[in-house]
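Here is a short report on pockets, a surface patch and a few picked residues. Look over the sequence and structure, then read on.

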Amino acid sequence: MKTNRIIFYAATGLLTALMLFSVGNYFFNHEMIKGAFISFGYPTYLIYPYGIAKLLGLVALWVPTFKALREWAYAGFFFAFILAFFAHYMIGDGEQMGALIALILLMVSYIFNKKINR
């Protein structure tokens, strides 16, 4: 049981660090993210709401009383990472590995969250 907790906290902590780096870019390096969104064909007005949604998803992952919201956060992150992987792959910028790493961390976090809360 202790090993499961360690793996959960390690995976969730690394995922959180990755997401905070991403959100930091959304808010503090807006021009670079704006260029990326334009190259993907996404509207740039989504940058700030998407950054806020990522922050709210992280809160849902870490607060233990938000069990239903945690499931939705895992699902939202799953779809976001899948879509990010294919968006980067399709434009060929070579940045899809970040999304793949985030997806792996998310799956490990989810699996060990389920093992802990049985």
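## Pro 49 and its surroundings

Pro 49 is partly exposed, because its relative accessible area is 45%, which falls between the 20% and 50% cut-offs. The model is a predicted one. Pro 49 sits in helix H3. Its C-alpha lies 21 Å from that of Leu 103, and 54 residues separate the two in sequence.

Ala 99 belongs to helix H5. Ala 99 has a relative accessible area of 9%, so it counts as buried, the limit being under 20%. From the C-alpha of Ala 99 to that of Ile 47 is 17 Å. Along the chain, Ala 99 and Ile 47 are 52 residues apart.

## Two pockets

Where is there open space? The largest pocket holds about 790 Å³. It is lined by 29 residues, and those closest to its centre are Ser 22, Tyr 26, Lys 54, Ala 84 and His 88. Helices H1 (2–28), H2 (30–40), H3 (47–62), H4 and H5 each give two or more residues to this lining. H4 has the largest share of the lining of the largest pocket, at seven residues.

The second largest pocket has a volume of about 150 Å³. Its lining consists of Arg 5, Phe 8, Tyr 9, Leu 61, Trp 62, Pro 64, Lys 67, Arg 70, Asn 113, Ile 116 and Asn 117. Two or more of the lining residues come from each of H1, H3, H4 and H5. H1 gives the most to the second largest pocket, with three residues.

The table sets out the make-up of each lining.

| Pocket | Volume | Nonpolar lining residues | Polar lining residues | Charged lining residues |
|---|---|---|---|---|
| Largest pocket | about 790 Å³ | 22 residues | four residues | three residues |
| Second largest pocket | about 150 Å³ | six residues | two residues | three residues |

## A nonpolar patch on the surface

Which residues make the nonpolar surface patch? They are Phe 78, Phe 79, Leu 83, Met 97, Leu 100, Ile 101, Ile 104, Met 107, Tyr 110 and Ile 111. The patch covers about 920 Å². Helix H4 (67–91) and helix H5 (96–116) each give two or more residues to the patch. H5 gives the most, with seven residues.

Tyr 110 is one of the patch residues. Tyr 110 is placed in helix H5. Its relative accessibility is 31%, so Tyr 110 counts as partly exposed. Patch residues need over 30% relative accessible area.

## One salt bridge

How many salt bridges does a search of the whole structure find? The search finds one. It pairs Glu 71 with Lys 114, and the closest N and O atoms are 2.7 Å apart. The pair links distant parts of the chain, with Glu 71 in helix H4 and Lys 114 in helix H5, 43 residues apart.

Are the two partners buried or partly exposed? Glu 71 has a relative accessibility of 29%, so Glu 71 counts as partly exposed. Lys 114 has a relative accessible area of 37%, so Lys 114 is partly exposed.

Helices H4 and H5 recur in this account. Both give two or more residues to the nonpolar patch. Both also give two or more residues to the lining of the largest pocket, and to that of the second largest pocket. The salt bridge between Glu 71 and Lys 114 links H4 with H5.

How values were computed. Residues numbered from 1 in each chain as written. Predicted model: local features only at pLDDT ≥ 70, side-chain atom pairs only at ≥ 80, totals over all residues. Heavy atoms only, no water. Patch = residues over 30% accessible without salt bridge, like charges linked within 9 Å, V, L, I, M, F, W, Y side chains within 5 Å. Areas by Shrake-Rupley, 256 points an atom, 1.4 Å probe, with all protein chains shown as cover. Salt bridge = Lys/Arg side-chain N within 4 Å of Asp/Glu carboxyl O. Helix = DSSP H or I, 4+ residues; strand = E, 2+ residues; numbered from the N terminus. Buried < 20%, exposed > 50% of the residue type's maximum accessible area, 1.4 Å probe, protein only. 1 Å grid on protein atoms, 1.4 Å probe; cavity = no way out; pocket = protein on both sides within 12 Å on 5 of 7 lines; lining within 4 Å. Points joined across faces, edges and corners; volume = space filled by probe spheres on them. Nonpolar A, V, L, I, M, F, W, Y, C, P; charged D, E, K, R; others polar.
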